[in-house]
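Good morning, and thank you for coming. I would like to take you through one protein chain, beginning with its overall plan and ending with individual residues.

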Amino acid sequence: MEHQVIIRWDDEARVWFAVSDSIPLALESDSFDALIERVKIVAPEVLAENGENCDSCQLHFKAERWENIA
């Protein structure tokens, strides 16, 4: 099964954070690459705890960066 994970930059908090409609995630990091690695470790564990077999799970990452301009 494929799961989409959206990685967003929060300009005010100065962190990247991960959200997903199909995986209950609440992760953040100062580094984009570090956050991707954390999601790859945590997501299968969360899915397994919720009864999903992750032998064939795929994570689709979508990056967004929102900034306030003045």
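In what order do the elements of the chain run from the N terminus on? They follow the pattern β-β-β-α-β. In total the chain has one helix and four strands. Please keep in mind that what you see is a predicted model.

Let me first describe the chain as a whole. Along the principal axes, its C-alpha atoms fill a box of roughly 45 × 15 × 15 Å. The chain has 70 residues, and buried residues make up 29% of them. Its accessible surface comes to about 4,900 Å², and carbon and sulfur atoms account for 48% of that area. The chain carries 6 positive and 15 negative charges, and the mean positions of these two groups are 6 Å apart. Finally, consider the contacts between residues at least 6 apart in sequence: of these, 41% join residues at least 24 apart.

I now turn to the sheet. In what order do the four strands stand in it? The order is 3-2-1-4, in an open sheet with mixed pairing. Strand 3 and strand 4, the latter covering residues 58-66, stand at the edges; each has a single partner strand, so one side of each is left without a neighbour in the sheet. From one strand to the next, the twist averages 25°.

Let us go through the pairings one at a time, starting with strand 1 and strand 2. These two run antiparallel and are joined by five bridges. Two residue pairs illustrate the arrangement. Arg8 stands opposite Phe17 in strand 2, and Asp10 has Val15 of strand 2 as its bridge partner.

Strand 1 spans residues 2-10 and strand 2 spans residues 15-19, with Arg14 in the loop between them. The two strands form a hairpin with four residues between them. What is notable about the backbone of Arg14? Its phi is positive, at about 60°, although Arg14 is not a glycine.

The next pairing is that of strand 2 with strand 3, which consists of residues 27-29. This pairing is also antiparallel, and it extends over three bridges. Here Trp16 stands opposite Ser29, while Phe17 stands opposite Glu28. Phe17 therefore appears twice in our account, as it faces Arg8 as well.

The remaining pairing is between strand 1 and strand 4. In which sense do these two strands pair, parallel or antiparallel? They pair in the parallel sense, over nine bridges. As an example, Trp9 stands opposite Arg65 in strand 4.

A general remark may help you when you look at the strands on the screen. In a regular strand, the side chains alternate between the two faces of the sheet.

We come now to the helix. Which strands does helix 1 touch? Helix 1, residues 32-49, packs on the sheet and touches strand 1, strand 2, strand 3 and strand 4. The direction of helix 1 makes about 160° with that of strand 3.

Two residues of helix 1 deserve a closer look, and the first is Ala43. Is Ala43 buried or exposed? Ala43 is buried, because its relative accessible area is 0%, and the cut-off for a buried residue is under 20%. Setting aside residues up to four places away in sequence, Ala43 touches Ile23 and Leu59. Ala43 and Ile23 are 20 residues apart along the chain, yet their C-alpha atoms are separated by 6.9 Å.

The second residue is Val46, also found in helix 1. With a relative accessible area of 15%, Val46 is likewise buried. Apart from its neighbours within four places in sequence, Val46 is in contact with Ile23 and Pro24. Between Val46 and Leu59, which are 13 residues apart along the chain, the separation of the C-alpha atoms is 13 Å.

To summarise, we have seen an open sheet of four strands in the order 3-2-1-4, with helix 1 packed on it. Within that helix, we examined Ala43, which is buried, and Val46, which is buried as well. Thank you for your attention.

How values were computed: Residues are numbered from 1 along each chain as its sequence is written. This is a predicted model: local features need pLDDT of at least 70, side-chain atom pairs count only at pLDDT 80 or more; totals for chains, interfaces and linings use all residues. Side-chain values use heavy atoms; hydrogens and water are left out. Buried means under 20% relative accessible area, exposed over 50%, partly exposed in between (1.4 Å probe, protein chains only). Contact means heavy atoms within 4.5 Å. Accessible areas come from the Shrake-Rupley method with a 1.4 Å probe; for residues, only the protein chains shown count as cover. Lys and Arg count as positive and Asp and Glu as negative; His and the chain ends are not counted. The place of a charge is taken as NZ of Lys, CZ of Arg, CG of Asp or CD of Glu. Axes are lines fitted to C-alpha atoms, for helices over the stretch in contact, and angles run from 0 to 180 degrees between N-to-C directions.
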